[in-house]
Amino acid sequence: MSEPILSISGLTKVYKGGTKALDDVDLEIRKGEIFALLGPNGAGKTTLIGAVCGLVRPSGGTITAFGKDLAQNWREARGRIGLVPQELSTDMFETVWRAVSYSRGLFGHPPDKARIEEVLKSLSLWDKKDNQIRELSGGMKRRVLIAKALAHDPDLLFLDEPTAGVDVELRKDMWKQISALRERGVTIILTTHYIEEAEEMADRVGIIRKGRILMVDDKEAMMQRLGRTEAIITLAAPLAELPSSLAGFPVELRESGTELCYRGGDGSGKGRQEVADLTKALITAGIDYTGIDIHDSSLEDIFVGLVTEREAAE
């Protein structure tokens with residue numbers, strides 16, 4: 001396997017007053033992937049991004065980007081990193097064209113009108129190029145932030161809550177833009193509250209809580225390993241107890257014996273097969289039912305379960 005484009009080892013950040021925002025974080029990012037970092041508010045996502053982008057000074061640990069230690073080669077590495085922050089941080093009276101062009105020059109790149117035009121057109125901003133940023137809608141302002149981050153052609157792009165506050169249609173349009181960037185070879189790390197965003201786009205997922213990484217895995221592997229199938233079977237008549245013929249299934253009686261609740265499987269389809277076998281066993285036992293509601297775990301279910309489980313253990 002090739003050397004990771006970004007390697008973080010033992011990264012710690014303690015703010016004045018003792019708040020530990022990052023607690024011995026280890027993380028490696030592969031070249032060309034989309035990596036989603038999930039976590040509740042205050043988990044340390046933005047602090048981690050800030051540490052890599054030079055906005056936060058770590059208290060300990062090392063960050064290696066493009067094979068070089070950021071502590072010794074920060075300026076060179078930062079020129080290959082793009083950041084789309086949560087907050088709009090640009091002159092509202094600047095035109096779109098000037099704002100994006102300025103960002104390119106900020107990282108030492110010569111003016112390139114053709115490249116700026118290409119970036120603006122790819123984000124549907126070309127017809128707004130002469131507008132002041134203050135005149136744009138919230139979604140368009142968000143696109144300007146992405147354009148500014150792409151102006152210097154970064155190899156590694158951080159997107160901190162890139163679609164926060166935009167409508168569903170625009171969010172899906174921006175997913176397409178992010179996928180297109182990956183196709184051009186850009187490595188993307190995104191934080192998001194919209195777990196469907198990670199489920200839609202990410203190759204791998206990391207879950208962070210209270211400054212610690214709880215888990216990192218390929219998305220599909222995580223969903224298969226931690227996924228579950230839940231089925232609620234509504235019975236035609238209540239049962240006083242489970243018949244022995246159902247003893248081999250992970251089921252329990254609920255709602256005064258009028259519902260059977262199945263929880264099992266592993267996210268690979270095994271659960272749905274077991275539910276099918278369960279319904280056959282019910283018919284064989286002469287137990288009638290009037291409805292089945294089946295639900296497979298989403299990435300959100302897995303995320304909530306992991307965070308809740310860790311909170312309960314503390």
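Two strands count as a pair here if DSSP finds at least two bridges between them. Keep that in mind for the close-ups below, which all come from a predicted model.

**Figure 1. Strands S1 and S2 sit side by side in antiparallel fashion.** S1 covers residues 6–14, and six bridges tie it to S2. For a landmark, look for leucine 6, whose bridge partner in S2 is isoleucine 29. Zoom out a little and you'll find an open sheet of four strands, with antiparallel pairing and the order S2-S1-S4-S5. S2 (20–29) and S5 (68–69) are the edge strands: each has a single partner strand, so one side of each goes without a neighbour in the sheet.

**Figure 2. Helix H1 lies across three strands.** H1 takes in residues 45–52, and the strands it lies across are S1, S2 and S4 (60–65). Against S1, the helix runs at about 115 degrees.

**Figure 3. Helices H3 and H4 cross each other.** Here you're looking at residues 96–106 (H3) and 113–122 (H4), whose axes come within 10 Å and cross at roughly 120 degrees. Angles of 65 to 115 degrees would count as roughly perpendicular, and H3 and H4 are therefore oblique to each other. The crossing is right-handed. On the H3 side, the residues that meet H4 are Val96, Trp97, Val100, Ser101 and Arg104. H4 brings Lys113, Arg115, Ile116, Glu117 and Leu120 to the contact. Sort the residues of this contact by type and you get five nonpolar, one polar and four charged.

**Figure 4. Strand S7 is covered on both faces.** Leu156, Phe158 and Asp160 are on one side, Leu157 and Leu159 are on the other, and all are buried. In a regular strand, side chains alternate between the two faces of the sheet. With five of its five residues (156–160) buried, S7 is largely enclosed by the rest of the structure.

**Figure 5. S7 has parallel partners in S6 and S8.** Four bridges link S7 to S6, which spans residues 81–84. One spot to look for is valine 84, which has leucine 159 of S7 as its bridge partner. Five bridges link S7 to S8, residues 187–191. Over there, phenylalanine 158 has isoleucine 189 as its bridge partner.

**Figure 6. Strand S13 pairs antiparallel with S11 and with S12.** S11 (residues 229–235) is joined to S13 by six bridges, and glutamate 230 has arginine 263 in S13 as its bridge partner. S12 (residues 251–254) is joined to S13 by four bridges, with arginine 254 standing opposite glutamate 259 of S13. Five of the six residues of S13 (259–264) are buried, so this strand is largely enclosed by the rest of the structure.

**Figure 7. A hairpin links S12 and S13.** There are four residues between the two strands. Check the backbone at glutamate 255, which takes a positive phi near 50 degrees.

**Figure 8. Finally, the whole protein chain, with its 10 helices and 14 strands.** The C-alpha atoms fill a box of roughly 80 × 45 × 40 Å, taken along the principal axes. Of the 314 residues, 46% are buried. Among contacts with a separation of 6 or more, 68% come from residues 24 or more positions apart.

Conventions. Residues numbered from 1 in each chain as written. Predicted model: local features only at pLDDT ≥ 70, side-chain atom pairs only at ≥ 80, totals over all residues. Heavy atoms only, no water. Contact = heavy atoms within 4.5 Å. Axes fitted to C-alpha atoms, helices over the stretch in contact; angles between N-to-C directions. Parallel < 35°, antiparallel > 145°, perpendicular 65-115°, else oblique. Left-handed = near helix turned anticlockwise from the far one by under 90°. Nonpolar A, V, L, I, M, F, W, Y, C, P; charged D, E, K, R; others polar. Buried < 20%, exposed > 50% of the residue type's maximum accessible area, 1.4 Å probe, protein only.
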